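Colleague: I would like a close look at one part of this model, the part with a binding-site annotation, and at what surrounds it. Please take it slowly, and keep what comes from a record apart from what is computed.

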Amino acid sequence: MADEPTTKEIPAALHGPSSSLAGLRILVTGLGVTGFPAAVHLGERGADVIVIDGDATADVSEKAQILEVFDVDIRRGPEHVEALPEGEFDLVVTSPGWRPDQPVLAAATKAGIPVIGEVELAWRIRGTNDAKWLAITGTNGKTTTTTMLESMLLAAGLKAKACGNIGTPLLEAVLEPGLEALAIELSSFQLHWQESMSADAAAVLNIAPDHLDWHGSAEAYAADKAKIFHNAKLACVYNCADEVTLHMVEDADVIEGAKAIGFTTGVPRPGELGVVEDLLVDRAFIPQRYSSAAELASLDDVATATGVARSRPASHQVANALAAACLARAIDVPGQAIAAGLQNHSLGAHRMVTVAEADGIRWVDDSKATNTHAANASLAAFDSIIWIAGGLPKGADFTSLFADHRERLKALVLIGSDDSAYREAIAATIPDLEVVRIEPALAVDSGVPKRRGEAVAAAAVDAAARLAEAGDTVLLAPAAASMDQFLNYNTRGDLFAEAVNSHLER
């Protein structure tokens, strides 16, 4: 049996943003948010770049014009992602959505060609850019924590930017001159393909089974999340209420001197940030942490940050604020900037947004709840719920979700192409729950891609309206991905809001 080929080294010329890559042949998989800037950067530096993408229908004419300037070879269509292109390659740069078992990536690995993602590429090309890397991952709360962190950094007078899995692609952010700190949201997909990143501080917010279809197992998913702590310089931030995140820190190979910092929604111990009465306090980054605590902000500030002013903020939002504060404090952001950052923060779209209130019924868009962990937090926030759920389940088990909220659930409006996992969970927990199934065929109602799912959203809202009474909350928190019926979770939320407003106008 022939020996497997030895994996090549990642080309040393990649380091720094301007060294020549002439003579290197590089394959980029995907022409989306991450693949396009990677192809531009590599082509601009003289590499022989081929981009492959299985989608031949999207309009990429503007991107193609730019890539043509750098002689990038674009190959689109399903036939181009079934095998490696012919010839030798020095490197593959993959977009995060591509699974490791995708034929092109599996073939590259078998051939000994190094495969990296945007995080590894950005880390290697950052060159003289000495912006602080503050990295955030977790199953739920990543985006809110990242934008809270960005707001805190800006309040401290730092030139900062939220990037990575939200906002600006990481590759573009590291090439932007003058930035002093990066608030970086990282998904498990992005972390899977990175090896050498050395964040100044990193946080894992929580861990619950997710994306099992991509990673293959809960253990593999958690292992990829844990890579965010590798080589951390100053602080590894964990959730005191989630023991798995603490074990990740304990097992991490970090730079000497990096501290383990916990956050808790209870009273903190030394080395933690937490809550005392109505205050967020620091017992980790102050000299007197064994005998006292430093005030950072108030629960009212968190309420303002999450759009529930004059109400007590949800516990998971307090945890998000504390995690952001941990990362900010790791690079000496003062306490007053933590409070100011929360006061200046606005919650992102499709995250527990009240779309409308009429006739005693509240309509809430939490389309960002794309997994059971996120949906659990949404369901816990209300008492009498008409729940709109369903989509791509990603291998999740919904049994505990129904069991834990059986007293809150008044009825279920079920969307999605495959409802079997939901049906099994209902049969095992609340067999008498009223369920209205929205016909999956409605998802093909429009030939305009950005409107895909319009009829599904409209039918779901009409069904919920028939079920809801004064005192109920109609909650879109699907606990699943959107791509079976919608373009993305943003579109799902937008179409839901449009359907609600249209219904109320009628």
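Modeller: A residue is called buried here when its relative accessible area is under 20%, exposed when that area is over 50%, and partly exposed in between. With a relative accessible area of 7%, Thr144 falls under that 20% limit and therefore counts as buried. The model is predicted, and what follows should be read with that in mind.

The annotation itself comes from UniProt, where an unreviewed entry lists Gly138, Thr139, Asn140, Gly141, Lys142, Thr143 and Thr144 under "binding site". Of these, Thr143 lies in helix H5, which spans residues 142-155, and Thr144 has its place in H5 as well. Thr143 has a relative accessible area of 8% and is therefore buried by the 20% limit too. Once neighbours within four places in sequence are left aside, Thr143 is in contact with Ile166, Glu185, Arg351 and Lys368, while Thr144, counted in that way, touches Gln317, Asn320, His345, Leu347 and Arg351. Arg351 thus appears in the contacts of Thr143 and again in those of Thr144.

One of these contacts, between Thr143 and Glu185, leads to strand S8, residues 181-185, where five of five residues are buried. Both faces of S8 are covered, with Ala181, Ala183 and Glu185 buried on one side and Leu182 and Ile184 buried on the other. S8 runs parallel to strand S6 (residues 132-137), to which five bridges join it, and in that pairing Leu134 has Ala183 as its bridge partner. Strand S7 is likewise joined to S8 by five bridges in a parallel arrangement, with Leu182 as the bridge partner of Lys161. Leu182 and Trp133 are also among the residues that touch the most other members of the largest nonpolar core, which has 52 residues.

Beyond S7 the chain enters a loop between S7 (160-164) and helix H6 (170-174), and Thr168 is found there. Its relative accessibility is 18%, so Thr168 still counts as buried. Apart from residues up to four places away in sequence, Thr168 touches Lys161, Ala162, Cys163 and Ala173.

H5 also meets helix H13 (residues 335-344), in which Gly335, Ala337, Ile338, Ala339, Gly341 and Leu342 are buried. These buried residues pack against H5, and also against strand S13 (279-282), strand S14 (294-298), helix H11 (299-305) and helix H12 (315-330). The contacts of Thr144 with Gln317 and Asn320 bring in residues from the range of H12.

H12 is also relevant to the second largest pocket, which holds about 430 Å³ of space. That pocket is lined by 19 residues, with Gly307, Val308, Met352, Arg362 and Phe382 lying nearest its centre. H12, strand S15 (353-358) and strand S16 (361-365) are the elements that give two or more residues to the lining, and the largest share, three residues, comes from S15.

Notes:
Residues numbered from 1 in each chain as written. Predicted model: local features only at pLDDT ≥ 70, side-chain atom pairs only at ≥ 80, totals over all residues. Heavy atoms only, no water. Core = buried A, V, L, I, M, F, W, Y, C linked by side-chain atoms within 4.5 Å. Buried < 20%, exposed > 50% of the residue type's maximum accessible area, 1.4 Å probe, protein only. UniProt positions renumbered as here; feature names shortened; annotations may be inferred. Helix = DSSP H or I, 4+ residues; strand = E, 2+ residues; numbered from the N terminus. Contact = heavy atoms within 4.5 Å. 1 Å grid on protein atoms, 1.4 Å probe; cavity = no way out; pocket = protein on both sides within 12 Å on 5 of 7 lines; lining within 4 Å. Points joined across faces, edges and corners; volume = space filled by probe spheres on them. Pairing = 2+ DSSP bridges.
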